[in-house]
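Reader: Hi! I'm new to this one and would love a friendly tour. Could you show it to me before we chat?

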Amino acid sequence: MDEKTQRPVIGKDGKPVTKEVEVTVPAYKVVTVFDVSQTEGRELPKLATELTGNVEDYHNLFKAVEQISPFPVSFEKTEGAHGYCHYGEKRIVLNTGMSETQNIKTFIHEIAHAKLHDKNLESAHGEQRKIPDQHTREVEAESVAYSVCQYLGLDTSEYSFGYIAAWSSGKEISELKESLEVIRNTSAELIEGINANYAEIMKDQLQQRTSGNYHKQSAEQPGKSVSIKDRLAANKEFIKRQESRKSLGTMEKPGREEMER
């Protein structure tokens with residue numbers, strides 16, 4: 001090709017002049033690799049760290065959470081997952097052998113899936129819900145679980161932050177903002193439900209005990225730790241007082257312990 005005329009250069013034989021050009025073509029071949037379990041060295045970093053530790057009054061709290069679940073829950077051996085929500089069979093499965101903290105966190109995560117991402121459920125307007133992509137679904141479910149657990153006094157940041165970071169990778173800020181209202185509203189709904197259920201559980205148990213052998217630490221007693229049980233009971237009592245004062249046209253400002261724990 002003539003650089004000036006951009007036309008083929010004709011040789012003495014009357015044919016276009018050609019030349020050989022070496023071109024590198026990328027190629028791949030099969031090689032042998034090792035699974036991480038077959039290697040030695042320092043442990044690879046993990047985005048999400050398994051939660052450990054027990055939960056104050058675990059069985060009653062788990063029962064309160066179970067009562068807000070749209071699907072029944074069971075414990076089974078799951079492969080590579082802490083739990084899952086089966087929309088078709090309408091059930092939630094939690095992996096066996098996890099800590100109490102991981103159980104509560106994972107259960108709330110799957111409840112969020114059941115309430116938000118079941119395409120068979122109708123929206124508030126009676127229409128079929130528009131289900132977001134998997135990345136958004138996981139970010140929403142884990143964000144709800146983290147928010148509710150924080151309210152309950154359970155720190156799941158070592159797991160939740162890495163999990164959310166992994167699933168939100170590549171998402172635009174505008175896309176994440178669209179989920180904020182969903183996360184906020186769902187968290188508030190679950191917290192309200194857990195509060196109500198826990199208060200009823202405590203009420204039933206109190207009725208079964210005699211006043212002589214029952215003792216409950218006041219949630220407003222200074223200088224002592226407050227359990228989840230006392231916090232939930234205090235919040236429930238605060239809600240009742242607020243409802244009573246609404247009818248009188250007055251509102252009570254929540255105390256520090258009732259509002260921030």
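Author: Here is a short walk through the chain, its helix packing and a few single residues. Keep in mind that this is a predicted model.

Reader: Thanks! Let's start broad: how many helices and strands does the chain have?

Author: There are eight helices and three strands. Starting at the N terminus, the order of elements is α-β-β-β-α-α-α-α-α-α-α.

Reader: And what share of the residues is buried?

Author: The chain has 261 residues, and 34% of them count as buried.

Reader: What about contacts between residues far apart in sequence, how many of those join residues at least 24 apart?

Author: If you take contacts between residues at least 6 apart in sequence, 59% of them join residues at least 24 apart.

Reader: Nice. I keep looking at serine 143, where does it lie?

Author: Serine 143 is part of helix H3, which covers residues 134-151.

Reader: Is serine 143 buried or exposed?

Author: Serine 143 counts as buried because its relative accessibility is 12%, and the limit for buried is under 20%.

Reader: What does its side chain reach?

Author: The side chain of serine 143 comes to 2.7 Å from the backbone oxygen of valine 139. Setting aside residues up to four places away in sequence, serine 143 also touches Ile164 and Ile183.

Reader: Ile183, which helix is that in?

Author: Ile183 belongs to H6, and it is one of the residues there that meet H3. On the H3 side, Glu140, Ser143, Val144, Ser147, Val148 and Tyr151 take part. Their partners in H6 include Val182, Thr186, Leu190 and Ile194. By class, this contact of H3 with H6 has eight nonpolar, five polar and one charged residues.

Reader: At what angle do H3 and H6 pack?

Author: The angle is about 45 degrees, and the axes of H3 and H6 (residues 180-208) are 9 Å apart. H3 and H6 are therefore oblique to each other. Their crossing is right-handed.

Reader: And Ile164, which helix holds that one?

Author: That takes us to H4, residues 157-168, whose axis comes within 9 Å of the H3 axis and crosses at roughly 160 degrees. That angle makes H3 roughly antiparallel to H4. The contact uses Ile164 of H4, with Phe161 and Trp167 also among the H4 residues, while Val139, Ser143 and Tyr146 are among those from H3. Sorted by class, the contact of H3 with H4 has seven nonpolar, six polar and two charged residues.

Reader: What is the handedness of that crossing?

Author: H3 passes H4 in a left-handed crossing.

Reader: Back to H6 for a second. How does H1 pack with H6?

Author: H1, residues 58-66, packs with H6 at an angle of about 130 degrees, and their axes are 8 Å apart. H1 and H6 are therefore oblique to each other, and their crossing is right-handed. Asn60, Leu61, Lys63, Ala64 and Val65 of H1 meet a set of H6 residues including Ile194, Tyr198 and Met202. By class, the contact of H1 with H6 has seven nonpolar, three polar and one charged residues.

Reader: Ile194 came up in both lists! Is isoleucine 194 buried or exposed?

Author: Isoleucine 194 counts as buried, because its relative accessibility is 1%. Apart from neighbours within four places in sequence, isoleucine 194 contacts Leu61, Ala64, Val65, Ile68, Val148 and Leu152. Leucine 152 is 42 residues away along the chain, yet the C-alpha atoms of the pair are separated by 9.6 Å.

Reader: New topic: what does threonine 101 contact?

Author: Threonine 101 sits in helix H2, residues 100-116. Beyond neighbours within four places in sequence, threonine 101 is in contact with Leu51, Thr52, Gly53, Asn54 and Val55. Threonine 101 counts as buried because its relative accessibility is 7%.

Reader: Last one! What is the phi of aspartate 57?

Author: Aspartate 57 has a positive phi of about 55 degrees, although it is not a glycine. Aspartate 57 lies in the segment before H1 and is partly exposed, with a relative accessible area of 25%. Lysine 90, also not a glycine, has a positive phi near 55 degrees. Lysine 90 is found in the loop between strand E2 (83-86) and strand E3 (91-95), and at 38% relative accessibility lysine 90 counts as partly exposed.

Methods:
Residues are numbered from 1 along each chain as its sequence is written. This is a predicted model: local features need pLDDT of at least 70, side-chain atom pairs count only at pLDDT 80 or more; totals for chains, interfaces and linings use all residues. Side-chain values use heavy atoms; hydrogens and water are left out. Helices (H or I, at least four residues) and strands (E, at least two) are DSSP runs, numbered from the N terminus. Buried means under 20% relative accessible area, exposed over 50%, partly exposed in between (1.4 Å probe, protein chains only). A polar contact is a pair of N or O atoms within 3.5 Å; within protein, one must be able to donate a hydrogen and the other to accept it, and residues adjacent in sequence count only if both atoms are side-chain atoms. Contact means heavy atoms within 4.5 Å. Axes are lines fitted to C-alpha atoms, for helices over the stretch in contact, and angles run from 0 to 180 degrees between N-to-C directions. Angles under 35 degrees count as roughly parallel, over 145 as roughly antiparallel, 65 to 115 as roughly perpendicular and the rest as oblique. A crossing is left-handed if the near helix is turned anticlockwise from the far one by less than a right angle, and right-handed if clockwise. Ala, Val, Leu, Ile, Met, Phe, Trp, Tyr, Cys and Pro count as nonpolar, Asp, Glu, Lys and Arg as charged, and the others, Gly among them, as polar.
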